[in-house]
Amino acid sequence: MPKERPTTRVLAMLELLQDRPGISGRDLAQRLGVDERTVRRYAAHLTDLGIPVTADRGRYGGYWLPPAFRLPPLTLTDGEAGAVILGLLAGCPGRPEGPTQSALAKISRVLPAAVADRVAALRDTLAYGAHPEPVSAPDSRIALRLAAAARDRHRVSITYRSWRGETSDRDLDPYGLVFHSGRWYVTGLDSRSAAIRVFRIDRIHALQPAADPQAAAPPPGFDPAAQVTASLGEVAGRHQVRVLLHTTLEQAARLIPPAAATLVQTAEGIMLDTRAERLDTMAGYLAGLGCPFTVHHPAELRDALARLSDRLASYATRTREI
C-alpha cells in the first residue's frame with residue numbers, strides 16, 4: 001500500500017513559497033519539520049499537481065514560483081470566513097466604509113445561506129462602545145508598506161498630520177506596528193526629533209522610500225507594544241500618579257484596564273502608575289475602586305481626596321426638604 005502523502009505540509013510549503021520567494025531548502029525544512037530531502041520530494045509533488053516550482057542550486061539557491069503564477073481563487077471554510085468578518089468588523093468600529101465595506105460584501109456573497117444569515121444577524125445586532133473620538137481606519141496600503149519597512153529595516157519618508165492639524169514631512173525608521181485600543185500605531189526612530197516616537201497610522205497621508213534607505217536598528221530588547229503603551233500614557237494627562245493599592249494583583253487587574261495604568265506587584269501591595277489630566281477626577285476614580293490605598297505621588301492628590309471626602313460628607317448630612 002503506497003505511503004500517504006502529507007498533504008498538510010505540502011500545502012504549508014506552497015504558502016511559504018508564496019510568502020517568501022527564494023526561500024532556501026534548509027529554511028523550508030526547519031519550518032515544515034522535515035529534512036531537505038523531503039522538501040525536494042514535496043517540490044516534485046507540487047510540480048506533479050501543475051504548480052511549477054523551480055529550484056536554484058548552490059550556496060545561495062532557493063525555491064521559487066514563477067512571477068506570473070497565480071493560484072485558484074481563495075476558498076474559506078465557514079469558520080474561517082466568520083473569523084475574517086469578525087476581524088473586519090472589530091477593526092472598523094461604526095459603519096464599515098470603503099475597502100472594508102467592499103470586502104464584507106464580497107465574503108458575504110459567497111457564504112452558505114445559513115452562515116450568511118448569521119453574519120447578517122451579527123451586523124444588525126452589533127454595537128460598539130463609546131470612543132473619545134471617532135476612530136478612523138488607516139490606509140491599508142500605507143499600513144502594509146510600513147510593516148514591510150519595519151521587517152526589512154528600511155527607512156521611509158512620511159507626511160504626517162498632528163492632532164493639531166499641522167502637517168510635516170519626516171524620515172522614519174519603523175520598528176513595529178501596534179494595534180492599541182482600536183487604533184493602529186507605528187513606532188520608530190523619528191528624524192526630526194532624533195528620538196523614538198509613536199505615530200497614528202491613520203494620520204500618515206503619504207509614504208515613500210527615503211533617500212537613504214538604510215534604517216537604524218532598534219535598541220536591544222525593544223518592545224513596540226510597550227513603547228506605544230508608555231507613550232500614550234505620557235500624553236494622557238499632566239500629572240504623574242503613583243498609588244499603592246492594598247489588594248491583590250488579580251483583583252486590581254479586574255478593576256483597572258491594562259491601557260489605563262501599569263500595575264506592579266510589590267512587597268507592600270500593588271503599585272499603580274498612571275497619568276491624569278485632573279486630580280479631582282483621579283480622586284473619584286480611586287475612591288470607586290473599593291480597596292484601601294496609599295498615595296505616593298503627587299501630594300496634591302491627597303488634597304483632592306480630602307476635598308472629595310468633605311463633599312461626600314456634606315451630601316450625607318443633607319435631609320429631605322418638606
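**Exercise 1. In this predicted model, work out whether Ala194 is buried or exposed, then look at its backbone.**

Step 1. Start with accessibility: the relative value for Ala194 is 64%. The cut-off for exposed is over 50%, so Ala194 counts as exposed.

Step 2. Next, place the residue. Ala194 sits in the loop that joins β5 and β6.

Step 3. Now check the backbone. Phi of Ala194 is positive, about 55 degrees, although the residue is not a glycine. For background, most residues other than glycine have a negative phi.

**Exercise 2. Describe how β5 and β6 are arranged.**

Step 1. Find the strands: β5 covers residues 183–190 and β6 covers residues 195–200.

Step 2. Determine the sense of pairing. The two strands run antiparallel and are joined over six bridges. As one example to locate on screen, Thr187 has Val198 in β6 as its bridge partner.

Step 3. Look at the connection. The strands form a hairpin with four residues between them, and Ala194 is in the turn.

**Exercise 3. Find where Arg153 lies and describe its phi and its exposure.**

Step 1. Arg153 is in the loop between α7 (140–152) and β3 (154–161).

Step 2. Its phi is near 60 degrees, a positive value in a residue other than glycine.

Step 3. With a relative accessible area of 30%, Arg153 is partly exposed.

**Exercise 4. Characterise the peptide bond from His297 to Pro298.**

Step 1. Read omega: the value is near 0 degrees, and the bond is cis. In general, most peptide bonds are trans.

Step 2. Locate the proline. Pro298 belongs to the loop between β11 and α11.

**Exercise 5. Which residues of α11 are buried, and how are they laid out around the helix axis?**

Step 1. Get the dimensions. Helix α11 spans residues 299–316, which is 18 residues. From first C-alpha to last, α11 reaches 26 Å, close to the 26 Å expected at 1.5 Å a residue.

Step 2. List the buried positions: Leu301, Ala304, Leu305 and Leu308.

Step 3. Look down the axis. The buried residues of α11 fall within an arc of 100 degrees, so they line one face of the helix. A helpful rule is that an α-helix has 3.6 residues a turn, so residues three or four places apart point the same way.

Step 4. Turn to the other side of α11, where Arg307 and Asp310 are exposed.

Step 5. Finish with the cover. The elements over the buried residues of α11 include β8 (239–245), α10 (279–289) and β11 (293–297).

Note on methods: Residues numbered from 1 in each chain as written. Predicted model: local features only at pLDDT ≥ 70, side-chain atom pairs only at ≥ 80, totals over all residues. Heavy atoms only, no water. Expected span 1.5 Å × (residues − 1). Buried < 20%, exposed > 50% of the residue type's maximum accessible area, 1.4 Å probe, protein only. Arc of directions from axis to C-beta. Contact = heavy atoms within 4.5 Å. Pairing = 2+ DSSP bridges.
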